[in-house]
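Colleague: I am new to this structure and should be grateful for a guided introduction. May we go through it by question and answer?

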Amino acid sequence: MSPKTPRRPLEGSPGAPACTPEIHQEEPVGEHGRAPVAARAAYEALVQRAAPSPEVLAAGACAQNRPPDGTGTPPGDMEALPGDVRRWLAERRLLDETHRQVRSPQRALHELIAEHRSRIDRYREELHHGLEAVDDVLRMLPGMGPTKRETVEAEFFDDRTRLRKRMEDLDALCQEQVLGMRTDFPAREVLEEGLETDLRLLGRGIDLRLLVAARALRRTGVAQYLSALMDHGARVRVASTVPLHLNVFDRAVTVMAVGTADGRDEISGDVILHSTRLADSFVRVFDHHWATGHPAAPRVKPPGTGGAPEDYSPREREVLALLAAGAKDEVIARRLDCSERTLRRLLTSLMARLGADSRFAAGVQAVRLGLLD
């Protein structure tokens, strides 16, 4: 050992510091990229710079193996952090950008748990109110008064992407019937993506019935979507008022939009209820309003009429032009910079709207209607 190399004091020796920081090996880069590694390194640096002094840390925060709470961060330090690093720390409540403070992991964990507990409590309260309303309806139905308590399995979702993936499982498990009530419809792109799944349901012989609010027909793409469903055997009715937004699978599982609560503007999410008794009560509500509706055929543009050129997006007209030219799927997908699966969903929607039974027929119909430049 070189005489200039300082010797590290042994633990417990008089020269050892009161609290020795643990030595962390650099973590491997995971599937989420380098942001977590860089963020942890930046957090440790901020803690060290924000600490009042080594003596204070040794006597207080360091003795508890945690960084100090509420310690101000020099202004330049926070602005110097990359955006993804700062966002990573802020999302985990390790960094308070408003007050320019570094927080300890203990405090960050406490705040995260408190937020999730508050969200769960809110959902539980909304579900409780909803179940009370169901009980009130049951008491008004002859012979359906609640005789005993039932434990209901419920799944909550505040992410529509996760909900759609879960509904794909329900679609695959469905054996006989899907009843739907629609107060509104998603964007046209989402409808086109879901059309292929709905058509597969109908192709398996599933009885699909939709009750649609009249105002929901105004959204772009809804008329074509419903026409495609009816063309493949679905039954659609329109009512002036539809009280709920839901799906009932095989009279056993209900997927329902929770909506807003207590006058708040934010969307509370969706819930899946696994209960035949609840499903049966929602089916009764569906049947009542179904009887008051009228068939959608007179109001929805019949399938195969094609529509005017302005009803088609530039991307759809480009696909039709390539179809008319005889291009193959891989060529069209490469031209649109999309996957062949996405392209097949788009082709299914276009063929249904044009009333075509083949790709070639869709191209010919597009030429006939003047949809191509």
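The exchange below goes from the chain as a whole to its sheet, one loop residue and the nonpolar cores.

Colleague: How many helices and strands does the chain have, and what share of the residues counts as buried?

Modeller: Please note that this is a predicted model. The chain has 13 helices and eleven strands. Of its 373 residues, the share that counts as buried is 36%.

Colleague: In the open sheet of eight strands, which strands stand at the edges?

Modeller: The strand order of this open sheet is 4-10-9-8-5-6-7-11, and the pairing is mixed. An edge strand has a single partner, so one side of it is left without a neighbour in the sheet. The two edge strands are therefore strand 4 (153-157) and strand 11 (294-295).

Colleague: Which helix packs on the sheet and touches strand 4, strand 8, strand 9 and strand 10?

Modeller: The direction of this helix makes about 25° with that of strand 10 (270-274). Besides strand 10, the helix touches strand 4, strand 8 and strand 9 (253-257). It spans residues 160-173 and is helix 6.

Colleague: In which sense do strand 5 and strand 8 pair, and which residue of strand 8 stands opposite Gly180?

Modeller: Strand 5 covers residues 177-182 and strand 8 covers residues 246-249. They pair over four bridges, in the antiparallel sense. Opposite Gly180, in strand 8, stands Asn247.

Colleague: Is Ser275 buried or exposed?

Modeller: Ser275 is placed in the loop between strand 10 and helix 9 (276-292). Leaving aside neighbours within four places in sequence, Ser275 is in contact with Glu150, Val152 and Ala252. Its relative accessibility is 2%, and because the cut-off is under 20%, Ser275 counts as buried.

Colleague: Which backbone nitrogen does the side chain of Ser275 reach?

Modeller: The distance for this pair is 3.5 Å. The backbone nitrogen that the Ser275 side chain reaches belongs to Arg277.

Colleague: Which element supplies the largest share of the largest nonpolar core?

Modeller: This core has 50 residues, and Phe185, Leu226, Leu229, Phe249 and Phe282 touch the most other members. The largest share is six residues, and these come from helix 9.

Colleague: How many residues are in the other core that lies apart from it?

Modeller: Among the members of this other core are Leu322, Ile332, Ala333 and Leu354. The number of residues in that core is 20.

Technical notes: Residues numbered from 1 in each chain as written. Predicted model: local features only at pLDDT ≥ 70, side-chain atom pairs only at ≥ 80, totals over all residues. Heavy atoms only, no water. Pairing = 2+ DSSP bridges. Contact = heavy atoms within 4.5 Å. Axes fitted to C-alpha atoms, helices over the stretch in contact; angles between N-to-C directions. Buried < 20%, exposed > 50% of the residue type's maximum accessible area, 1.4 Å probe, protein only. Polar contact = N/O pair within 3.5 Å; in protein donor to acceptor, adjacent residues only side chain to side chain. Core = buried A, V, L, I, M, F, W, Y, C linked by side-chain atoms within 4.5 Å.
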